[in-house]
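Visitor: I am new to this structure and would like a close look at a single part of it. Could you pick one spot and then lead me outward from there?

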Amino acid sequence: MLTPKARGALSDALFEALRSTAVSWDHVLGTEPDHDDDAQIALWTLYELHYRGFDDVDDTLEWQPEALHLRRALEQPFEARLRERYDAPDLTAPFADSFFDYVASHDGRSLASFVQRGANAEQVRELLSVRTIYHLKESDPSAWLVPRLTVEPQAALMELQYDEYGAGDPNRLHAHLFARGLEACGLSSEYGAYIDDVPCEVLEQNNAMSLFGLHRRLRGAALGHLAAFEATSSLPSRRMVQGLDRLGFPAEMIAYYEEHVEADAVHEQLAVRVVCGSLLDAEPALTDDVYFGAFTCLDLEDRFAGAMLEAWTAA
Ligand SMILES: [Fe+2]
Ligand SMILES: [Fe+2]
């Protein structure tokens, strides 16, 4: 992948510095983002240095002190904004019951319901293309968590991840199933191919996962995010299957969502009861962060769904 298109003064200065070792980082660090979109594309690009990198950026820049300095300067207001939005739960019931109730009461607008009943094929293709930013590296942000956990949550997370990564079979790897679905639809399966088209809400969703995954202090939020994601995936995946089938989409794309109907019905129990449950048995002080991560997952998905539905209504 190549560096994306700049969305403002900060991303413009940053991408120049990443592509050319001749450019001074002082200029980058002295530039303020023009708006959220500019800040989020800059942060997304800095995070990608830790995943697969860019063909036009030297790999050594992953640990460039100025790049890390800027990453921190962008992460701080982003995390503060996510925490400001967070709606803390009333904790009375045992953890798993309380968590499932919390997720059910904060589940927002649903793109899968729209795909199931009302979307046209062009809207679904647009949705699939913006979802590539997440689905083509589905479980990678959770993989950072593995070395940061004690025995029980670590074993449970690995059980879940083993499934996500195909249980030893590359053809079952979830991100690869999605890539095959894209190709069958005539869409690009290259990672980052649609990054210039995605709205700010998609960047925020992906940046929140990297933020939680890359900071050990946020391991509770990362696992709460994962648990909320799994707990809101099986039913929407069934709706996606019905919508894609209604519109005559290829079997390969339907297979990706079919896989998640069953897998995530199991994963939600594993993620909530065992991964988060055993994490909180060992580290009860992380309870609030687990809910913060869950809220962020649901809230960002609701905002993304809202942005897509409003844009389609306006069009
Ligand atoms: Fe998956
Ligand atoms: Fe899953």
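Guide: Let us begin with two residues, E138 and H174, both of which are buried. Here, buried stands for under 20% relative accessible area, exposed for over 50%, and partly exposed for the range in between, using a 1.4 Å probe and protein chains only. Please keep in mind that this is a predicted model, in which local features need pLDDT of at least 70 and side-chain atom pairs count only at pLDDT 80 or more, while totals for chains, interfaces and linings use all residues. Residues are numbered from 1 along each chain as its sequence is written, chains are lettered from A and ligands numbered from 1 in the order in which they are written, and side-chain values use heavy atoms, leaving out hydrogens and water.

E138 and H174 belong to the set of protein donors of the iron ion (ligand 1): E138 (OE), E164 (OE), H174 (ND1) and H260 (NE2), at 2.0 to 2.2 Å from it. Donors are N, O and S atoms within 2.8 Å of the metal (3.2 Å for Na, K and Ca), and sites may look incomplete because water is not among the atoms. Along the chain, the donors of this ion are spaced as E-x25-E-x9-H-x85-H. The angles among the four donor atoms run from 81 to 167°, and the site is irregular. That word covers anything outside these patterns: four donors are tetrahedral if all angles lie between 85 and 135 degrees, while four are square planar and six octahedral if opposite donors are over 155 degrees apart and all others between 65 and 115.

E164 also acts as a bridge between the iron ion (ligand 1) and the iron ion (ligand 2), which lie 3.9 Å apart. E138 and H174 link distant parts of the chain: E138 lies in the loop between helix 7 (121-135) and helix 8 (140-143), and H174 in helix 10 (residues 174-184), 36 residues apart. Helices (H or I, at least four residues) and strands (E, at least two) are DSSP runs numbered from the N terminus.

E138 now leads us to an enclosed space. The structure holds two cavities of 30 Å³ or more, and the largest has about 200 Å³ of space. Its lining has 19 residues, and the closest to its centre are Y134, E138, S142, M209 and L226. On a 1 Å grid over the protein atoms alone, a cavity is a set of points where a 1.4 Å probe fits but cannot get out; a pocket is an open set with protein on both sides within 12 Å along at least five of seven lines, and lining residues have an atom within 4 Å of a point. Points are joined across faces, edges and corners, and the volume is the space filled by probe spheres set on them.

Helix 8, helix 9 (151-164), helix 11 (200-214), helix 12 (219-231) and helix 14 (251-282) each give at least two residues to this lining. Helix 12 gives the most, with five residues. By class, the lining has nine nonpolar, six polar and four charged residues. Nonpolar covers Ala, Val, Leu, Ile, Met, Phe, Trp, Tyr, Cys and Pro, charged covers Asp, Glu, Lys and Arg, and the others, Gly among them, are polar.

Helix 11 and helix 12 also supply at least two residues each to the lining of the largest pocket. This pocket holds about 720 Å³ of space. R131, F229, T232, P236 and E301 are the closest to its centre among its 39 lining residues. Helix 15 contributes the largest share, seven residues. The lining divides into 18 nonpolar, 12 polar and nine charged residues.

Helix 15 brings us to some rings. The structure holds 13 aromatic pairs. One of them, Y86 with F292, is edge-to-face, at 5.7 Å centre to centre and 65° between the planes. Rings of Phe, Tyr and Trp (its six-membered ring) pair if their centres lie within 6.5 Å; planes under 30 degrees apart are stacked, over 60 edge-to-face and the rest tilted. Y86 sits in the loop between helix 4 (residues 65-85) and helix 5 (95-106), while F292 is in helix 15 (residues 287-314), 206 residues apart. Y86 counts as buried because its relative accessibility is 14%, and F292 does so at 0%. The rings of Y86 and F295 have centres 6.0 Å apart and planes at 65°, so that pair is edge-to-face. F295 is in helix 15, 209 residues from Y86. Y86, F212, F292 and F295 form one aromatic cluster.
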